[in-house]
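Here's a quick briefing to read alongside the picture. Take a look at the chains first, then work through the points below.

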Amino acid sequence: MIAPFGFGGWLSGLVLGIAFGFILEGSGFGDPRILTGQLRLADWSVFRVMFTAITVCAALLYGARALGMLDFGGIFIPSVYFWGTLLGGAGVGIGMALGGYCPGTSEVALASGRLDGLLFLLGIGGGTLAFNAVYLAIKSWVYAQTGPTALTLPHLLGISPLLVIVAMAVIIAAVGWLTRSVKP
Amino acid sequence: MANPESHWNSYVGGVALGVVLFVTFLATGHGLGVTGATTGVTAVAANAVLPGVFPKGSYLAGYVSFGLDHWIEWEVLGVLVGGLAGSLLARRFRPRLDGPPRASPASRLALAFVGGGFSGFGARMAMGCTSGMGLSGTAPLAAAGFLFLVGFFVAGVLTMLAMQTLWRST
C-alpha cells in the first residue's frame, strides 16, 4: 500500500491534533516568554524544536518516497506567492513580538489556562475579518504566484533533497553548539 | 500541590513533532495547521451574527459555505484537548494572565489582541501560519515554507527590538 491513505475524517483530525497540542505544550510552547525569548535570542527552544521537527519529517518523507512507500503527487506542497508568503510571515512574526504567540501556540496557551491566549485568538479573528475587508484590493499582488507550482528548495537550488536535509542537520548541530550555554 | 514539571528537552520535542507531522502526511496527504480552522470559525460566526455579511466573491464567502465539519477543525479542537491534557498531567495548568512581564494587565490584554490581529492577517496573506506554512510547508522542503520563516524571524526579531524592555523578565 502506498501513502497517503486519505484518512481525512474527524477521528484522524482529533487524534493527530491531540498529539500536536500535547507536544507543543510539553516543549513549552504555551509559554509566551519562551516563544518571545527566541526573538530576543535569549532562548533557543523554538529554533531547536522547529528545525529538528522539520529535518526529521523531511528525512522521513523523502526516505519513504525513495523506498516507494509514499507518492509525492498526493502530498500538499505549497507554492511561492512571493509578497504574500514573505509579508504574511512578517505579519505572524510581528504578531508574536507584540502578543507573545502564533496561532497554534495561542491555542496551547489558552488550554493551559492563559487568558491572554484567548485574547490572541480573538485578535486572529479580527485580523481575518480585516483581511477579508481589503482582499479585493490587494489580492492581485498578494496572491501572484512566483515560479512553478509546488516549488521545492532542492529544485530551486538545483541540488538533491538529501543535501538540503544534511545541511539542515549540520545547521541544527552548529547552532546548538554555539548556543550551548543558553539552555538545554 | 507538587511543583510543575519542567518542559521537555527541545530535541526530544522536535523529534516527536517531526514524527507526528510525518504520520499526518502519511494519513492525510497534508501537514498540521491552525488558521484554516480559525478562518472557518471566524467566517461562520460572523455570518451567524450578520447573515449574508460576506457577499459572493469576498474572501470569507467560500469559508461560510464550506462549513466547519472538516479535518482541520477537528485537528484544532484536538490541539486544545492535547494542550489541556499535557498541562494538567505536568501540573502546569494555572489560570492566569500571562504576557510581557513588565506590561500592565490592560496592556497585556491589548497587546495580545493586537498581536493576534497581525498574526491572523499575516496568516491569510501567506495562506498558512507557523504551523501550516512554517512547519508543514518546510517539511516537504517547499521554498514557500522557508520564505515564510525568513519573513517571520526577520520581522519578529526587528519588532522585538522595540518590545524587549517589556518582555525582559523582571
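How many residue pairs are in polar contact between domain 1 of chain B and domain 2 of chain B? The count is five, taking pairs with both residues at pLDDT 80 or more. Keep in mind that this is a predicted model. We'll start inside chain B, move on to where chain A and chain B meet, and finish with a few backbone oddities.

**Inside chain B: two domains**

- The domain assignment splits chain B into domain 1 (1–95) and domain 2 (99–170).
- If you take the C-alpha centres of these two domains of chain B, they sit 17 Å apart.
- On the domain 1 side of chain B, 12 residues are in contact with 10 residues of domain 2 of chain B.
- Putting domain 1 and domain 2 of chain B together buries about 760 Å², and carbon and sulfur atoms give 66% of that area.
- As for salt bridges, the rule finds zero of them across this interface between domain 1 and domain 2 of chain B.
- Looking at the side of domain 1 of chain B that touches domain 2 of chain B, the elements that give two or more residues are α1 (10–28) and α2 (35–49) of chain B.
- By class, that side of domain 1 of chain B has seven nonpolar residues, five polar ones and no charged ones.

**Where chain A meets chain B**

- Here 119 residues of chain A are in contact with 108 residues of chain B.
- The area buried between chain A and chain B comes to about 9800 Å², with 76% of it from carbon and sulfur atoms.
- The rule finds three salt bridges across the interface of chain A and chain B.
- A:Arg33 and B:Asp98 form a salt bridge, and their closest N and O atoms are 3.7 Å apart.
- Polar contacts between chain A and chain B add up to 29 residue pairs, again with both residues at pLDDT 80 or more.
- Plenty of helices pitch in on the chain A side: α1 (10–26), α2 (32–39), α3 (45–66), α4 (82–99), α5 (103–111), α6 (115–142), α7 (153–157) and α8 (161–178) of chain A each supply at least two residues.
- Which helix gives the most to the side of chain A that touches chain B? That's α6(A), with 20 residues.
- Sorted by class, the side of chain A that touches chain B has 76 nonpolar, 35 polar and eight charged residues.

**Backbone spots worth a look**

- Some background first: most residues other than glycine have a negative phi, and most peptide bonds are trans.
- A:Ala3 and A:Pro4 are joined by a cis peptide bond, with omega about 0°.
- You'll find A:Pro4 in the segment before α1 of chain A.
- A:Leu41 isn't a glycine, yet its phi is positive, near 60°.
- A:Leu41 lies in the loop between α2 and α3 of chain A.
- Is A:Leu41 buried, partly exposed or exposed? With a relative accessible area of 47%, A:Leu41 is partly exposed, because that value falls between the 20% and 50% cut-offs.
- Over in chain B, B:Arg91 also has a positive phi, near 55°, and is a residue other than glycine.
- B:Arg91 has its place in the loop between α4 (71–89) and α5 (105–126) of chain B.
- B:Arg91 is partly exposed too, with a relative accessible area of 32%.

Notes: Residues are numbered from 1 along each chain as its sequence is written. Chains are lettered from A and ligands numbered from 1 in the order in which they are written. This is a predicted model: local features need pLDDT of at least 70, side-chain atom pairs count only at pLDDT 80 or more; totals for chains, interfaces and linings use all residues. Side-chain values use heavy atoms; hydrogens and water are left out. Domain bounds come from an automatic or database domain assignment. Contact means heavy atoms within 4.5 Å. Buried area is the accessible area (1.4 Å probe) that two parts lose on being put together, summed over both. A salt bridge is a side-chain nitrogen of Lys or Arg within 4 Å of a carboxyl oxygen of Asp or Glu. A polar contact is a pair of N or O atoms within 3.5 Å; within protein, one must be able to donate a hydrogen and the other to accept it, and residues adjacent in sequence count only if both atoms are side-chain atoms. Helices (H or I, at least four residues) and strands (E, at least two) are DSSP runs, numbered from the N terminus. Ala, Val, Leu, Ile, Met, Phe, Trp, Tyr, Cys and Pro count as nonpolar, Asp, Glu, Lys and Arg as charged, and the others, Gly among them, as polar. Buried means under 20% relative accessible area, exposed over 50%, partly exposed in between (1.4 Å probe, protein chains only).
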